[in-house]
Amino acid sequence: MRLRNVPGSQERILNDAFTIQTDGENGEDFKGLWNQNFFNNDHPIHIEIGMGKGQFITQMAKENPDINYIGIEKYSSVLVRALDKRADLELENLRFMRMDAEDITSYFAPDEISKIYLNFSDPWPKDRHSKRRLTSRCFLERYDKILTKDGYVQFKTDNRPLFDFSLEELNAMNWIKDEVSFDLHKDGPAPNNVMTEYEQKFYAEGKPICRFVAHR
Ligand code: SAM
């Protein structure tokens, strides 16, 4: 995603009621206590890492009021776009967090997250950067630390080399694949699937979309 500095985005995030603060007063306080002290309910918590402008997670939150959603994004300048879209919606079950996924185990405890969505994650094509890919074994280890026993990861991408790499990483870490598709929308838009911004664009261009669902 091309990044443009958005003046004032950091301040906006700091002052926004729907953003969990990780700079300054911090979300680490909720580690292990998200249900009890933050959402005040016992609904499952699903997160999207690298939510971009938030189209997917916002739609998921609208459709599933009994699930708590946290959208995670590394850059303030991108996260503010999600805030703009969310502004008019009264969704008690959706919050955003500016955070680098590398730090995820500082903010969530074992057994706290039921589902992790990774949508069109950055491919980091150079071999020397492979550890930065959100489906690399380093990240799978982190996800394993926060997922519930029956929790799982769902990954979608148009990038076949990244998808093949991700399947190899799942094998290397002995994850179990519940679903693997190399062309999710082969017969038209897949049922029960919320499209992300990137997915809509690639689908319109006729690119095959890959998806896996996997658990430890
Ligand atoms: N998920 C959206 C979609 O499918 O339309 C956006 C996809 S965009 C290609 C990837 C997003 O992941 C970018 O907004 C980027 O800033 C974010 N991202 C990349 N690495 C990240 C990390 N380590 N932690 C959190 N977000 C990250």
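In this predicted model, helix α6, made up of residues 137–146, lies across three strands: β2 (45–49), β5 (113–119) and β6 (147–157). Against β6, the helix runs at about 140 degrees.

Those three strands belong to an open sheet of eight strands. Reading across the sheet, the order goes β1-β4-β3-β2-β5-β6-β8-β7, and the pairing is mixed. At the edges stand β1 (19–20) and β7 (176–181). Each of these has just a single partner strand, so one side of each is left without a neighbour in the sheet.

For a look at one pairing in detail, take β3 and β4. Strand β3 covers residues 68–73 and strand β4 covers residues 94–98, and the two pair in the parallel sense over five bridges. One residue pair can be picked out here: G71 has F96 in β4 as its bridge partner.

Then there is the largest pocket, which holds about 810 Å³ of space. Its lining counts 36 residues, and the ones nearest the centre of the pocket are G50, F120, S121, D122 and L134. Sorted by class, the lining comes out as 17 nonpolar, nine polar and 10 charged residues.

Where do at least two residues of the lining come from a single helix or strand? That is the case for β2, α3 (55–63), β3 and α8 (197–204), each of which supplies at least two. Among the contributors, α8 gives the most, with three residues. Strand β2 thus turns up twice in this picture: α6 lies across β2, and β2 also supplies part of the pocket lining.

Conventions:
Residues numbered from 1 in each chain as written. Predicted model: local features only at pLDDT ≥ 70, side-chain atom pairs only at ≥ 80, totals over all residues. Heavy atoms only, no water. Pairing = 2+ DSSP bridges. Helix = DSSP H or I, 4+ residues; strand = E, 2+ residues; numbered from the N terminus. Contact = heavy atoms within 4.5 Å. Axes fitted to C-alpha atoms, helices over the stretch in contact; angles between N-to-C directions. 1 Å grid on protein atoms, 1.4 Å probe; cavity = no way out; pocket = protein on both sides within 12 Å on 5 of 7 lines; lining within 4 Å. Points joined across faces, edges and corners; volume = space filled by probe spheres on them. Nonpolar A, V, L, I, M, F, W, Y, C, P; charged D, E, K, R; others polar.
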